[in-house]
Amino acid sequence: MRILLVEDEKELASSIASYLKTNEKIDCEIAATLDRAIEQCELYDFDCFLVDIGLPDGSGLDLIKKIKEKNNKAGIIIISARDSLDDRIDGLNIGADDYLVKPFHFSELNARIYSLIRRLKLDGSSRLDINEISIDPQSREVKINNIVLVLTKSEYNLLFYLITNKNHVLSKTSIAEHLAGDYVDVMDSLDFVYLHIKNLRKKMIKAGCEDYIKTIYGVGYKFEA
Amino acid sequence: MKLLTKTSLLIITASIFIFWLGNIVFFIVTREVIQKQINSDLMTQMSGVMTRINKGAADYEVINSFDEINITDALPEALHRPSFRDTVLYNASQQRYIAHRALNFSYESAEGAKDITLFKSLLSSDKLIERITLFSVILLISFILVILILNRYIFENVWSGFSESLVQTDTYNFSSSEKLILEKSEIEEFEQLNLMLEELTERIQHDYRNLKELTANTSHEIQTPLAIIKGKAELLLQSTNMDKENMEAINTILATVNRLAKLNQSLLLITKIENRQFEESSLVQLKDVLENSIENLEVLIGSGKYNLNYKLESCSLNINKNLLDILISNLLKNALIHSSKNSAVDIIIKNNKLAVSNPGEPLPFHEDKLFSRFTKNALNTSGNGIGLEIVKKICEFYEIDISYDYSEGLHFFIVDFSVISTHNNIL
C-alpha cells in the first residue's frame, strides 16, 4: 500500500513515515512542498494521502482538489494544526475522508488510515482475521474460533484499536483518548484503561483465545501477533 | 432615555423656569408702573384739593363724606412733606376690605393747618395683574405645546440620518467581509460622524482579521513542534531496547505534551469564542446532545467510579452545535471531576433549563472566581482550569444565563436556555 505524506515539517514527516513503515505493508513517500506533492501525484498512484493544509508554497486544500480531479478512489486524511471549523468543513467538503488535528497520536493516525483503507478498498465488508480472531468492522461483530464474542461498545473499540496497531506499543494516554475522546481528562488516573483491558482480556481468554495483549509496565499495552 | 424625550423634558423644564422668572419680573415691573401711575394721579388730586382750599370753596363736611378724601385740622408744627402708604379700607357697598394707596400731606391754608389724606382704590389694578398672570400661564402652556411639536418635527427631520446610521452600525457584523457603508447625510456633523464610524469599523475589521490570522498562525506554530515532540516520543516507545525507567520517562513526556496541547487548544477556543468565530447556528435538540455526551461518558462510568442520573425533557435550541457540545462536555466534565467518589451526578432538563448537580465539598475559593481562568481546587489535580471559563464565554456569547449555587452538599449549575429556545419564541 502506497501512502503519500505531504508535510513540510521535516522532523514530523520522518517520524510519521518511520512509524508507518514498521508495518511492512505500507510504503510511505514524503513530499515537503505542494509542488513536490503534485509532481509525485503525477508520477505514481497512491492509495492514501496524508495532507497538511499549511504548506510553504500553498494550501493543502488545493492538492486535495487536484487529487480528486485525477483519482477519486484514494483516501485522503488531512493532518493540520489548524483546528478551525471552517478548515475542517472545507476539507471534508472537497473530498477529504478524515481530519486529524496536530498533535495526534501516531497510533490514532494508524488506526484511521487502517479503517479508511479497508473502507475504500474492500468496501468495509470483508472480515479482519488474526489467527483465531475474526472481526467484521461493518457489523462490529467479533468471533473467536467462529464463536461470537459479545463485547461492550468500548471493549470493541479497544480491541479494534489494539489490532489496527498490532505490534506497536500503545500508551495509556493514547488508548484513553481513543476511548473517551473529549472526556479523557475527567479521570486523574487512567485506571479505566486498565479496567477495560482487564475485562477484554478476561472475556477473550474465556472464549479460548490466546492472550495477545501484553502489558508494557508503566507505559501501556501492545497487541502481539 | 431617548434623545427626543430628553430634549422635550429639558425644553419643558427650561420654559417653565424662564416663564416663572419672567412672570415674577413682569409682575414686579407692572406693579411698579401701576403704583407710579396711581402716585402721580394722587399728586394731581393733591394740587386740585389745594386749589379748592385756597379758593375757600371747600366744604369739609361734604368732602369728608366721600371715601376717598379725609381732611382734618392739624397743628401748625405738625406740617410735613407728602408721603405715600398702602392701606385697606372697608368698602360698604362691596362689604369687604379693599387695598388702597394713600397720600398723606399737610397744608397751611388761610383757615389754618390741615392734614389731608387722599385714597385711591387698587381694585382695578389688582384685576389687571390677575388677568396678565392668567394670560401668561395660557401663553406658557401653548408655547410649550408648540415647541414640543416643533421639536418632534425638527427631530424627525434633522436626526433621521443619525438614527439610520445607528441602526446600520448596530446591525453591522465585524466578522463579515463586507465594509460598513453608511448613507450620506446633508448635515456636516453627521457626515463627519459617519465617516469616522466607517473608518473606525474598517480599522476594527482589519484588527479582527489580523487577530484571527494570528490565532490560526499561533496555533499552527505551537501545535507543530508539539506534534514533533509527541511523534518522536511515540517512536521511542516502539523501540525494543529500552529499559523500564526510560520507557516511563518517555511516557511522562507524552502525557505532558498532551496536557500542553490540550491547554493550547482550550486557550485558542476561548479566543475564537471571543472573536465570535462561531457564527452559524442551527436548530439543535439539547436532549440529543446530552444523550450523546452521556454515551461518550459510558466508558468512564463503566469503571464504577461515577454514577449518572438524568431526566431529560425535549428542548430545541437555536445554537452552534459545536459550541453546545463544548458547553455540555465542559459542564459534565467539571461535575465529574469535582464530585466525591461513587457519588451521583444529576442532569435535568426542564422548562428550557439545564441543571447539573454533583455532591462535593464547598468551594475552597470565592464563588466569583469560579468562572475565571486557572482557578483550581488545590486538592484536585485533574482539569486544566479553563473548562468553566469556556462555559462562561459560550454563555456570554449567546447571552445565556448561567448560575451557580451550593446547598446541602450539592454544587448546582443551572443554565437557562430560554433566550435561544425556539419553544419560547413560539409562545
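## How chains A and B meet, with a stop at Ile400(B)

Mentor: Let's start with the meeting of the chains: in this predicted model, 42 residues of chain B are in contact with 46 residues of chain A.

Trainee: What makes a residue count as being in contact?

Mentor: The cut-off is heavy atoms within 4.5 Å. The 42 residues of chain B and 46 of chain A are the ones in contact across this interface.

Trainee: How much area do chain B and chain A bury between them?

Mentor: About 4,100 Å², with 59% of it on carbon and sulfur atoms.

Trainee: Why is the pair Glu177(A) and Lys262(B) called a salt bridge?

Mentor: The rule asks for a side-chain nitrogen of Lys or Arg within 4 Å of a carboxyl oxygen of Asp or Glu. Here the side chains of Glu177(A) and Lys262(B) are 3.2 Å apart, N to O, so the pair fits the rule. Across the interface of chain B and chain A, three salt bridges are found.

Trainee: And how many residue pairs are in polar contact between chain B and chain A?

Mentor: Nine, counting pairs with both residues at pLDDT 80 or more.

Trainee: Which elements give two or more residues to the side of chain B that touches chain A?

Mentor: Helix 5 (188–238), helix 6 (244–274), helix 7 (286–301) and helix 8 (321–337) of chain B. Helix 5 brings the largest share, 15 residues. Sorted by class, that side of chain B has 16 nonpolar, 16 polar and 10 charged residues.

Trainee: What about chain A itself?

Mentor: Chain A holds eight helices and 14 strands, and 52% of its 225 residues are buried. Its accessible surface comes to about 9,900 Å², 47% of that belonging to carbon and sulfur atoms. Take the contacts in chain A between residues at least 6 apart in sequence: 58% of them join residues at least 24 apart.

Trainee: Now to Ile400(B). Where is its place in chain B?

Mentor: Ile400(B) lies in the loop between helix 9 (387–398) and strand 10 (401–407).

Trainee: Why is Ile400(B) called buried?

Mentor: Buried means under 20% relative accessible area. Ile400(B) has 7% relative accessibility, so the label applies.

Trainee: Which residues is Ile400(B) in contact with, leaving aside neighbours within four places in sequence?

Mentor: Cys395(B), Val415(B), Asp416(B), Phe417(B), Val419(B) and Ile420(B). Take Ile420(B): 20 residues separate it from Ile400(B) in sequence, yet the two are 7.7 Å apart in space, C-alpha to C-alpha.

Methods: Residues are numbered from 1 along each chain as its sequence is written. Chains are lettered from A and ligands numbered from 1 in the order in which they are written. This is a predicted model: local features need pLDDT of at least 70, side-chain atom pairs count only at pLDDT 80 or more; totals for chains, interfaces and linings use all residues. Side-chain values use heavy atoms; hydrogens and water are left out. Buried area is the accessible area (1.4 Å probe) that two parts lose on being put together, summed over both. A polar contact is a pair of N or O atoms within 3.5 Å; within protein, one must be able to donate a hydrogen and the other to accept it, and residues adjacent in sequence count only if both atoms are side-chain atoms. Helices (H or I, at least four residues) and strands (E, at least two) are DSSP runs, numbered from the N terminus. Ala, Val, Leu, Ile, Met, Phe, Trp, Tyr, Cys and Pro count as nonpolar, Asp, Glu, Lys and Arg as charged, and the others, Gly among them, as polar. Buried means under 20% relative accessible area, exposed over 50%, partly exposed in between (1.4 Å probe, protein chains only). Accessible areas come from the Shrake-Rupley method with a 1.4 Å probe; for residues, only the protein chains shown count as cover.
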